[in-house]
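Reader: I should like to take a close look at one part of this model, namely the interior and the side chains around it. Please begin from a single residue and work outwards.

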Amino acid sequence: MEIDIQIDSLTNCLENRETGEICDTEFRLVAKTISKADALALQKQGWKFDWSIPHKNGCEIYELLLKDDSSVQGMIALKHIREQYYTYVDIVEAGPVNVGHNGKFKGVGAHLFAIACKLSWDVGNEGYVQFKAKSNLVEHYRETLGAQNIDAQNMFIDSYSALKLIKTYFPEA
């Protein structure tokens, strides 16, 4: 799947676009398999992707939440490719209220990639993350995430850029 999320800013958590308030976050693994019915319910709420597919493809799905608030601000689907020492990101999506430059919170996209980098580091993949970008966003990901090209659309985040994201979003790590 091609990654199609705007990285609007690197914040140290999520920033309320209207008030400028910095909001603490947490993330969690979606332990329950997302069924087709669950995915359709998400789409009715405004989510674009069919979130039942990544589980079928062996991906883990993580939700980004505000601390002490159960509303999901974004989700990421990924898979650790241990024998090649990288983490593959299949889908990244900001919650419907955070889409575009008028979204409620800034920093969702970068925070989701920071989660992927942290999890990659935690499993021994040294922060390496690979993904396929929409062609019109390749340069954007180079500039905002420090991603590098493998070919025209396949990109990776190396240890150096991963550490930058991890330290921005997880300063205690």
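Which residues does F113 touch, not counting residues up to four places away in sequence?

Author: The model is a predicted one. Within it, F113 touches I3, I5, I7, V92, F131, L145, I157 and L165, once residues up to four places away in sequence are set aside. F113 is also one of the residues with the most contacts inside the largest nonpolar core, a set of 38 residues. The others named in that respect are I5, V89, F131, Y141 and I157. Among these, I5, F131 and I157 are themselves touched by F113.

The core draws on many elements. Two or more residues come from each of β5 (60-66), β6 (72-81), β7, α3, β9, α4, β11 and α5. The greatest contribution is that of α3, which gives nine residues. Apart from this core there is a second, separate one of 12 residues, which includes W47, F49, M75 and A77.

Helix α5 shows how one of these elements is arranged. Its buried residues are S159, S161, A162, L165, I166 and Y169. They lie on the same side of α5, because they cover an arc of only 160° around the axis. The other side of the helix carries Y160, K164 and K167, which are exposed. The buried residues of α5 pack against α3, α4 (138-145) and β11. L165, one of the buried residues of α5, is also among the residues that F113 touches. At the start of α5, a side-chain oxygen of D158 comes to within 3.3 Å of the backbone nitrogen of Y160.

Y169 of α5 leads to another site. T11, in the loop between β1 (2-3) and β2 (14-16), is in contact with K106, G107, T168 and Y169, leaving aside its neighbours within four places in sequence. T11 has a relative accessibility of 7%, and therefore counts as buried. A polar atom of its side chain lies 2.2 Å from the backbone oxygen of C13.

The aromatic rings deserve separate treatment. A pair of aromatic rings is described by the distance of the centres and the angle of the planes. In this model the count comes to six aromatic pairs. One of them is formed by F27 and F170, with 5.8 Å from centre to centre and 75° between the planes, an edge-to-face arrangement. F27 lies in strand β4 (residues 25-29) and F170 in the segment after α5 (159-169), so this pair ties together parts that are 143 residues apart in sequence. The two partners differ in burial: F27 is partly exposed because its relative accessibility is 25%, whereas F170 is buried because its value is 7%.

A further pair joins Y128 and F156. Their ring centres are 6.2 Å apart and their planes meet at 15°, so the pair is stacked. This pair, too, links distant parts of the chain, with Y128 in the loop between α3 (108-122) and β9 (129-133), F156 in strand β11 (residues 154-157), and the two positions 28 residues apart in sequence. Y128 has a relative accessible area of 30% and is therefore partly exposed.

F170 takes part in more than the pair with F27. F27, Y62 and F170 make up one aromatic cluster. In addition, the charged end of K118 sits over the ring of F170, at 5.8 Å from its centre.

Some loop positions complete the picture. E126 is in the loop between α3 and β9, where Y128 is also found. Phi of E126 is near 55°, a positive value in a residue other than glycine. With a relative accessible area of 48%, E126 is partly exposed. Y85, in the loop between β6 and β7, likewise is not a glycine and has a positive phi, of about 60°. Y85 counts as exposed, because its relative accessibility is 52%.

Finally, H101 lies in the loop between β7 (86-94) and β8 (105-106). Its relative accessible area is 57%, so H101 is exposed. The C-alpha atoms of H101 and I7 are 9.9 Å apart in space, while the two residues are 94 residues apart in sequence. I7 brings the account back to its starting point, being one of the residues that F113 touches.

How values were computed
Residues are numbered from 1 along each chain as its sequence is written. This is a predicted model: local features need pLDDT of at least 70, side-chain atom pairs count only at pLDDT 80 or more; totals for chains, interfaces and linings use all residues. Side-chain values use heavy atoms; hydrogens and water are left out. Helices (H or I, at least four residues) and strands (E, at least two) are DSSP runs, numbered from the N terminus. Buried means under 20% relative accessible area, exposed over 50%, partly exposed in between (1.4 Å probe, protein chains only). Rings of Phe, Tyr and Trp (its six-membered ring) pair if their centres lie within 6.5 Å; planes under 30 degrees apart count as stacked, over 60 as edge-to-face and the rest as tilted. A charge sits over a ring if NZ of Lys or CZ of Arg is within 6 Å of the ring centre and within 35 degrees of the ring normal. The arc is that of the directions from the helix axis to the C-beta atoms. Contact means heavy atoms within 4.5 Å. A polar contact is a pair of N or O atoms within 3.5 Å; within protein, one must be able to donate a hydrogen and the other to accept it, and residues adjacent in sequence count only if both atoms are side-chain atoms. A nonpolar core is a set of buried Ala, Val, Leu, Ile, Met, Phe, Trp, Tyr and Cys residues joined through side-chain atoms within 4.5 Å.
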